[in-house]
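Reader: I am in my first year and would like to look closely at one part of this protein rather than at everything at once. Could you take me through the place where its nonpolar side chains gather, and then through what lies around it?

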Amino acid sequence: RAVTQLTGAVALNKAPILVRNSLVNHFSQVKGDAVAPGTMSTLRGSGLASAPVAAPAAAPLPTNVNETRVLIGGVEAPLYFVSDDQVRAQIPVELTPNRQYQVLVSANGALTLPDTITLTDAQPGLQTGDTGTMAVAQHADGSPVDPSAPAARGEEISLFVVGMGLTDPPVPSGAAPADGALAKPLVQPSATIDGQPAEVVLATLMPGSVGLYQLRLRVPVEAGPGDLPVVVTQGSAQSNSGLLPVR
């Protein structure tokens, strides 16, 4: 009679926990702020996924990544990225603004306790660099605006924003705009640089991207020079501030 001894351990599934009020606009990261349909958002907690996994780069985004799912108002949210302590999800555009909804995460075969978020028509978040200080901006030729290549007064530049809300024409949750379509936000944005109004040339969802807007504007001739604060506004909602180098 042969005897084989096996040694090892059985890993228990880690119960997922969603931190209260942790769902925020991915760019502004302001706790407690309302968010708009279509917003790229971040949720934090623990046990939210068994391993860090990014969704495929090409749209449409999946609603199940590594067996992690997010439900907002009972609607499965498209996912950009999942990990143990963080999930990046798009707020479904099917949800109606100016209402509250429950959020929960399904992971490791279990559900988190629900949290509550408030939806609004628009709550822009401005993309800034790793330090959260400098606005991510581009010249008209696509090259970056930075201290070594600042924007010029009167120049048209691009900023990048999430949370600008529903669009015309509408774009489904998890999808990118159709080729050639200009999906413009229903709530018209405005912007200031150094406190001066900046002409908004065009605001539209970025082709090939999910939930990311490109805001083309003209640097006011009255601005600067220097590292100047830039803010995007929609209705009464203001974005986080970033600094824009202007010569």
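Author: What follows begins with the whole chain, turns to the core and two of its surroundings, and ends with some backbone details.

This is a predicted model, in which local features need pLDDT of at least 70 and side-chain atom pairs count only at pLDDT 80 or more, while totals for chains, interfaces and linings use all residues. Residues are numbered from 1 along each chain as its sequence is written, and side-chain values use heavy atoms, with hydrogens and water left out.

The protein chain has zero helices and 22 strands, where helices (H or I, at least four residues) and strands (E, at least two) are DSSP runs numbered from the N terminus. Its C-alpha atoms fill a box of roughly 90 × 40 × 35 Å along the principal axes. Of its 247 residues, 47% count as buried, a word that stands for under 20% relative accessible area, with exposed meaning over 50% and partly exposed lying in between (1.4 Å probe, protein chains only).

In soluble globular proteins, nonpolar side chains tend to be buried together. A nonpolar core is here a set of buried Ala, Val, Leu, Ile, Met, Phe, Trp, Tyr and Cys residues joined through side-chain atoms within 4.5 Å. The largest such core holds 32 residues, and those touching the most other members are L23, L43, V70, I72, I91, V103 and I117. At least two residues each come from strand 3 (40-46), strand 5 (69-72), strand 7 (79-82), strand 8 (86-90), strand 9 (100-107) and strand 14 (156-162). Strand 9 makes the largest contribution, with four residues. Apart from this core lies another, of 28 residues, among them A135, V145, A203 and L217.

To see the first core from one of its members, take L43, which, leaving out residues up to four places away in sequence, touches L18, L23, V70, V87, A89, V103 and V105, among others; such a contact means heavy atoms within 4.5 Å. L18 itself sits in strand 1 (residues 17-18) and is buried, with a relative accessible area of 13%. Beyond its neighbours within four places, the contacts of L18 include L43, V103, L104, V105 and L113. From L18 to V162, 144 residues along the chain, the C-alpha atoms are separated by 23 Å.

V162 also appears beside N25, a residue of strand 2 (residues 24-25), whose contacts, apart from those within four places in sequence, include V35, M40, P124, G125 and V162. N25 counts as buried because its relative accessible area is 4%. Its side chain reaches the backbone nitrogen of F27 at 2.9 Å and that of S28 at 3.2 Å. P124 and G125 are in turn among the contacts of S239, which lies in the loop between strand 21 (237-238) and strand 22 (242-246) and is buried at 9% relative accessibility.

The backbone details come last, and most residues other than glycine have a negative phi, while most peptide bonds are trans. In the loop between strand 4 (53-54) and strand 5 lies P60, joined to A59 by a cis peptide bond with omega of about 5 degrees. N66, in the loop between strand 4 and strand 5, has a positive phi near 55 degrees and is partly exposed, at 32%. E67 has a positive phi of about 65 degrees and is exposed, with a relative accessible area of 60%.

How values were computed:
Polar contact = N/O pair within 3.5 Å; in protein donor to acceptor, adjacent residues only side chain to side chain.
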